[in-house]
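Student: I would like to take a close look at a single part of this structure, and I would be glad of one connected account rather than scattered remarks.

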Amino acid sequence: MRPPSGTDTAMHPPHRLELRGLAKRFGPVAAAADVAFDVEPGRVTGFLGPNGSGKTTTLRMLLGLVKPDAGTALIGGRAYRDLPAPARTVGAALEAKGLHPARSGRDHLRVHAAFLGLGDARVDAVLEQTGIADAARRRAGGYSTGMRQRLNLATALLGDPPVLVLDEPTNGLDPAGIAWLRALLKGLAAEGRTVLVASHVLAEAERLVDDVVVMHRGRIAATGPLAAFTRRGPLEDAFLDLTGAPA
């Protein structure tokens, strides 16, 4: 869906994510219902919720991988499918799967780079950026979970995208890796990029994000700047209050 004729950037700033009334059912299960929130450029937004709350389904609707039953998901005023260069606009890492076990990390990236019209120099750059250059020629089948996460992130960064959409990117990372990822994502946001991170690791989210979106049972329970959630205590306390989870 393209923005209406005459729509200016004040209504749809470049690279803002705008979700409005998204809904999706899988048979009797309402995975998402009336989901609406914005994600602003230059900030890290934490998309938080218990397992099964609907976060991944929402991200997949944003990226055009799942067709919503209702509502819209726009990136700078356009649906993902209508972006002129979607893979160069949005870097997505939803799960560290789909790696050919016999292919090296570098060759995995070269295949994806070829689709984007990029050369080996960009492949080498993201290998360095994600800290896996030393393992680039090893078979991906022998990578640890943390290394697979880094390779997945390197794939998302290939097109130097202004928007990043990441689902549980800390899974499998050790404490040093989590600290590295935090610094990387904060740095990318400081460059003016839009960073949306889905997570249920609340202690890390509190150290990483600028804004918070909490989803529970397929619906948005609350949105706002991090400070609004931590005014009276840790983010975990506010999260448990919103989701009704036992303390």
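In which sense do strand E1 and E2 pair, and over how many bridges? Please go on from there to the surroundings of that pairing.

Tutor: Bearing in mind that this is a predicted model, strand E1, which covers residues 17-26, pairs with E2 in the antiparallel sense, and 7 bridges join them. One of the bridge partnerships sets arginine 25 against alanine 30, the latter lying in E2. The pairing belongs to an open sheet of 3 strands, ordered E2-E1-E4 and antiparallel in its pairing. Strand E2 (29-39) and strand E4 (70-75) are at the edges with a single partner strand each, so one side of each has no neighbour in the sheet. On average, and with direction ignored, neighbouring strands of this sheet are turned by 20° against each other. Across E1, E2 and E4 lies helix H1, made of residues 55-62, which runs at about 120° to E1.

Strand E2 also takes part in an aromatic contact, for a search of the whole structure finds 1 aromatic pair. Its members are phenylalanine 37 and phenylalanine 47, whose ring centres are 5.2 Å apart and whose planes stand at 45°, so the pair counts as tilted. This pair links distant parts of the chain, since phenylalanine 37 is in strand E2 and phenylalanine 47 is in strand E3 (residues 44-48), with their positions 10 residues apart in the numbering. Phenylalanine 37 counts as buried because its relative accessibility is 5%, under the 20% limit used for that term, and phenylalanine 47 is likewise buried, with a relative accessible area of 0%.

Key: Residues are numbered from 1 along each chain as its sequence is written. This is a predicted model: local features need pLDDT of at least 70, side-chain atom pairs count only at pLDDT 80 or more; totals for chains, interfaces and linings use all residues. Side-chain values use heavy atoms; hydrogens and water are left out. Two strands pair if DSSP finds at least two bridges between them. Helices (H or I, at least four residues) and strands (E, at least two) are DSSP runs, numbered from the N terminus. Axes are lines fitted to C-alpha atoms, for helices over the stretch in contact, and angles run from 0 to 180 degrees between N-to-C directions. Contact means heavy atoms within 4.5 Å. Rings of Phe, Tyr and Trp (its six-membered ring) pair if their centres lie within 6.5 Å; planes under 30 degrees apart count as stacked, over 60 as edge-to-face and the rest as tilted. Buried means under 20% relative accessible area, exposed over 50%, partly exposed in between (1.4 Å probe, protein chains only).
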